[in-house]
Amino acid sequence: QASESKPVVVILAGGSGKRFWPYSRINKPKQLLAIYSAKTLLYETIQRAAALTHKKNIFIGTSEILKKAILKMHPDFPKENFIIEPEAKNTAPIIALSALHIRKKFGNPPMIVLSADHFIKPVSKFKIAIQKAIRIAQKDYLVALGIKPLRPDENYGYIKKGHQLGVENCHSL
C-alpha cells in the first residue's frame with residue numbers, strides 16, 4: 001500500500017536503442033548506458049525518484065526484453081515493480097497502462113512520470129519543482145514540467161503558459 005503522503009513514481013524506460021546509435025542498441029538503449037557519470041542514466045533516475053518517495057513506490061515501465069537487461073544491470077530493483085508494455089506504442093499508452101496499474105494497486109496517489117534517460121542537475125531544484133507540481137496536482141490539475149528551450153527544435157514539444165496558479169512559476173495550460 002502506498003503511503004498517502006508519498007507519490008508513486010513511474011520511470012519510462014522503453015525505447016529501441018536507435019536514437020543514440022552507435023552507442024545504444026535494442027538490448028542496451030541510452031538509459032542503460034553510463035554517460036554523465038559511472039552510473040547508468042536509469043540508475044541516476046531511480047536515485048532521483050528515491051529522493052521523492054519510498055523505494056517500494058518506484059516502478060519502471062518497459063518491455064519484457066528491456067526488463068531482463070535492466071535486471072541484469074540493476075539486480076536489486078524489485079522484479080514486481082515493472083509495468084510491462086505489451087507492445088511499444090510510444091509514451092501515452094505506457095503512461096495510461098501505468099496509471100491503471102497504480103490505481104488498482106494503490107488507489108489514487110500522486111503519480112510522477114519520469115524519463116529514464118534525462119540529465120537533471122541540480123537534483124535539489126528538481127525535487128523542489130516536483131514538490132510544487134504535487135501541490136498543484138492535488139488541486140485536480142494534470143501537471144507538465146518544462147524548461148526554457150535554448151533553441152527551436154522540431155523534435156520537442158512546447159508548453160504555452162496560461163494564467164498563474166498561485167504558486168511561483170506554475171501556470172495553467
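So, Tyr 141: leaving aside its neighbours within four places in sequence, this tyrosine is in contact with Ile 136 and Leu 165, where contact means heavy atoms within 4.5 Å. Before I go on, this is a predicted model, so local features need pLDDT of at least 70, side-chain atom pairs count only at pLDDT 80 or more, and totals for chains, interfaces and linings use all residues. Residues are numbered from 1 along each chain as its sequence is written, and side-chain values use heavy atoms, with hydrogens and water left out.

Back to Tyr 141. You'll find Tyr 141 in the segment after helix 4. Is Tyr 141 buried, exposed or partly exposed? Its relative accessible area is 37%, so Tyr 141 is partly exposed; the cut-offs are under 20% for buried, over 50% for exposed, and partly exposed in between, with a 1.4 Å probe and protein chains only. One more thing on that residue: the C-alpha atoms of Tyr 141 and Glu 168 are separated by 16 Å, and the two are 27 residues apart along the chain.

Right next door in the sequence is Asp 140, also found in the segment after helix 4. Asp 140 has phi near 75°, which is a positive value in a residue other than glycine. With a relative accessible area of 76%, Asp 140 is exposed.

There's another one like that, Asn 90. Asn 90 isn't a glycine, yet has a positive phi of about 75°. Where does Asn 90 sit? Look in the loop between strand 3 and helix 3, which is 91–106. Asn 90 counts as exposed because its relative accessible area is 69%.

While we're on backbone geometry, go to Pro 122, in the loop between strand 4 and helix 4. The peptide bond from Lys 121 to Pro 122 is cis, and omega is near -10°.

Now helix 4 itself, residues 123–137. It has 15 residues, so at 1.5 Å a residue it should span 21 Å, and its end C-alpha atoms are 20 Å apart, which agrees. That expected span is 1.5 Å times one less than the number of residues. Which residues of helix 4 are buried? They are Phe 126, Ile 130, Lys 132, Ala 133, Ile 134 and Ile 136. As for general background, an α-helix has 3.6 residues a turn, so residues three or four places apart point the same way. The buried residues of helix 4 pack against helix 1 (41–50) and strand 4 (111–115).

Ala 129 is in helix 4 too, but counts as partly exposed because its relative accessibility is 28%. Its C-alpha atom and that of Asn 169 are separated by 9.3 Å, with their positions 40 residues apart along the chain.

On to helix 2, residues 64–73. Its buried residues are Leu 66, Lys 67, Ala 69, Ile 70 and Leu 71. What covers them includes helix 1, strand 2 (58–62) and strand 3 (82–84).

Helix 3 gives us Phe 106. Phe 106 has a relative accessible area of 10%, so this phenylalanine is buried. The C-alpha atoms of Phe 106 and Asn 57 are separated by 9.4 Å, although these residues are 49 apart along the chain.

Okay, zooming out. How many helices and strands does the chain have? Four helices and four strands, and from the N terminus on, the order is β-α-β-α-β-α-β-α. Those are DSSP runs numbered from the N terminus: H or I with at least four residues for helices, E with at least two for strands.

On overall shape, a compact globule of 173 residues would have a radius of gyration near 16 Å, and the chain has 16 Å, so the two agree. That is taken over C-alpha atoms, and the globule rule is 2.2 Å times the number of residues to the power 0.38. Along the principal axes, the C-alpha atoms fill a box of roughly 45 × 45 × 30 Å.

Of the 173 residues, 35% are buried. If you take contacts with a separation of 6 or more, residues 24 or more positions apart account for 55% of them.

Last item, charge. The chain has 28 positive and 12 negative charges, and their mean positions are 4 Å apart. Lys and Arg count as positive, Asp and Glu as negative, while His and the chain ends are not counted. Each charge is placed at NZ of Lys, CZ of Arg, CG of Asp or CD of Glu.
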